[in-house]
Amino acid sequence: MANKTFYDLSVSESLCQSLEKLGIKEPTPVQAEAIPALRNGKDTIVQAQTGTGKTLAFLLPIYDRIKVQADNIQTLILTPTRELTLQIAKVAAQLGKANGVRSLAIYGGQDIERQKQKLGREPHVIIGTPGRILDHMRRKTISFANTNRIVLDEADEMLRRGFLEDVEQILGTMARDRQIMLFSATMPDKVKALAHRYMTNFQHVIIKTENITLDNIQQRVVDTVEDSKLDKLCELINEQNPYLAMVFCGTKSRVSQVAMALARRGYLADELHGDLSQLQRTNVLKKFREAKLQILVTTDIAARGLDIEGVTHV
């Protein structure tokens, strides 16, 4: 049987043409399953692993239902990190060119006065992190009273980072007839509880992973001790010669120590963690994407949702 196309999923012609310009021709499994489910307006949980195409799975049905002639926020997309917010915002802006949908990214680290000015342009879609969204709500510079669609992207990660109370506050201000779209790689108890508390007769779409990447990934366990860990890391880097490598550490201070030690030894390395300003974080990721860095040392801030081509080693 022939593979489904975006036209088969009733995605509008203008959006299909935009996807073709981006080189996207066939939907991934999560897109093929989630798009029809989300189009009917029901509360929906989509459970699928990171990197399976979830962003388009929610943006396409949302964009086809936006009333571009109405000047109000019709959809809110919440994410756990600024980096994921910016990544979704980039795709949203590309799709918006096709049908006039205005989107805006709202996150901490930006000048709030500039954000207020951009909000005055009446975006249809807001993509943001819970903390900064709440900040604007308290300042009364943003209202979701007439917003009837919300996406909780990487919901398990958002709640793991302690955003449950923020998410509940935001949900409590939205239109009563809202549609909640919850995307999550896993379903821990906190996510289940949130779903049962706020979602009505929800449908559950589960995309079973069939070793999407593991068949092509070699995994190794290296036995070492603390005193020789850095030497062993450098030995592996020299041996493997990665094009781009990511080194994950458990704490922000450990990230700084390892990045500094690698830089002292002559490696093109830099750090990424939550204590950096947004400008610093953006610049580091830009350099890494452009291969001006070889090694990115990071906390789990980079573990979810980021799309970086060329990473050969983790």
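A search of the whole structure, which is a predicted model, finds one aromatic pair. Its members are phenylalanine 58 and phenylalanine 183, which meet edge-to-face, with 5.2 Å from centre to centre and 70° between the planes. The pair links distant parts of the chain, since phenylalanine 58 belongs to helix H3 (residues 54-65) and phenylalanine 183 to strand S6, 125 residues apart. Phenylalanine 58 is buried, and phenylalanine 183 is buried as well.

Before going further, a word on confidence is useful. The protein chain has an average pLDDT of 89, and 96% of the residues score at least 70. Among the elements of the chain, strand S2 (residues 75-78) has the highest mean pLDDT, 98, while helix H12 (residues 278-289) has the lowest, 85. Where pLDDT is low, the predicted coordinates should not be read in detail.

From phenylalanine 183 the reader can turn to the strand that carries it. Strand S6 covers residues 179-184, and because six of its six residues are buried, the strand is largely enclosed by the rest of the structure. Gln179, Met181 and Phe183 point one way from S6, whereas Ile180, Leu182 and Ser184 point the other way, and all of these residues are buried.

Which strands pair with S6 in the parallel sense? One of them is strand S1 (residues 44-47), which is joined to S6 by four bridges and runs parallel to S6, and in this pairing glutamine 47 stands opposite serine 184. Strand S5 (residues 149-152) also pairs with S6 in the parallel sense, over four bridges, and here arginine 149 has glutamine 179 of S6 as its bridge partner. S1 in turn pairs with strand S7 (residues 203-206), again in the parallel sense and over four bridges, with isoleucine 206 of S7 as the bridge partner of glutamine 47. Both faces of S1 are covered, for Thr44 and Val46 on one side and Ile45 and Gln47 on the other are all buried.

Arginine 178 lies in the loop that runs between helix H8 (164-171) and S6. Leaving out residues up to four places away in sequence, arginine 178 touches Asp43, Thr147, Asn148, Leu171 and Tyr198. Of these contacts, threonine 147 is 31 residues from arginine 178 in sequence, yet the two are 7.1 Å apart in space, C-alpha to C-alpha.

The helix before that loop, H8, has Asp166, Val167, Ile170 and Leu171 as its buried residues. Because they cover an arc of only 135° around the axis, they lie on the same side of H8. These buried residues pack against S2, helix H6 (130-138), S5, H7, S6 and H9.

Helix H9 (residues 189-198) can be read in a similar manner, with Val191, Leu194 and Ala195 buried. They cover an arc of only 100° around the axis, which puts them on the same side of H9. An α-helix has 3.6 residues a turn, so residues three or four places apart point the same way. What covers the buried residues of H9 includes S1, S5, helix H7 (155-160), H8 and S6. The face of H9 turned away from this buried side carries Asp189 and His196, which are exposed.

The last step is to ask how the buried nonpolar residues are grouped. In soluble globular proteins, nonpolar side chains tend to be buried together. The largest nonpolar core of this model has 37 residues, of which Phe58, Leu60 and Tyr63 touch the most other members. At least two residues of this core come from each of helix H1 (13-21), helix H2 (29-39), H3, helix H4 (82-99), strand S4 (125-128) and S6, and the largest share, seven residues, is supplied by H3. Leucine 60 is in contact with Phe6, Val11, Leu15, Leu19, Ile35 and Leu95, leaving aside its neighbours within four places in sequence. A second core, separate from the largest one, has 30 residues and includes Ile133, Ile180, Leu182 and Val191.

Technical notes
Residues numbered from 1 in each chain as written. Predicted model: local features only at pLDDT ≥ 70, side-chain atom pairs only at ≥ 80, totals over all residues. Heavy atoms only, no water. Buried < 20%, exposed > 50% of the residue type's maximum accessible area, 1.4 Å probe, protein only. Pairing = 2+ DSSP bridges. Contact = heavy atoms within 4.5 Å. Phe/Tyr/Trp six-rings, centres within 6.5 Å; stacked < 30°, edge-to-face > 60°. pLDDT = per-residue confidence, 0-100. Arc of directions from axis to C-beta. Core = buried A, V, L, I, M, F, W, Y, C linked by side-chain atoms within 4.5 Å.
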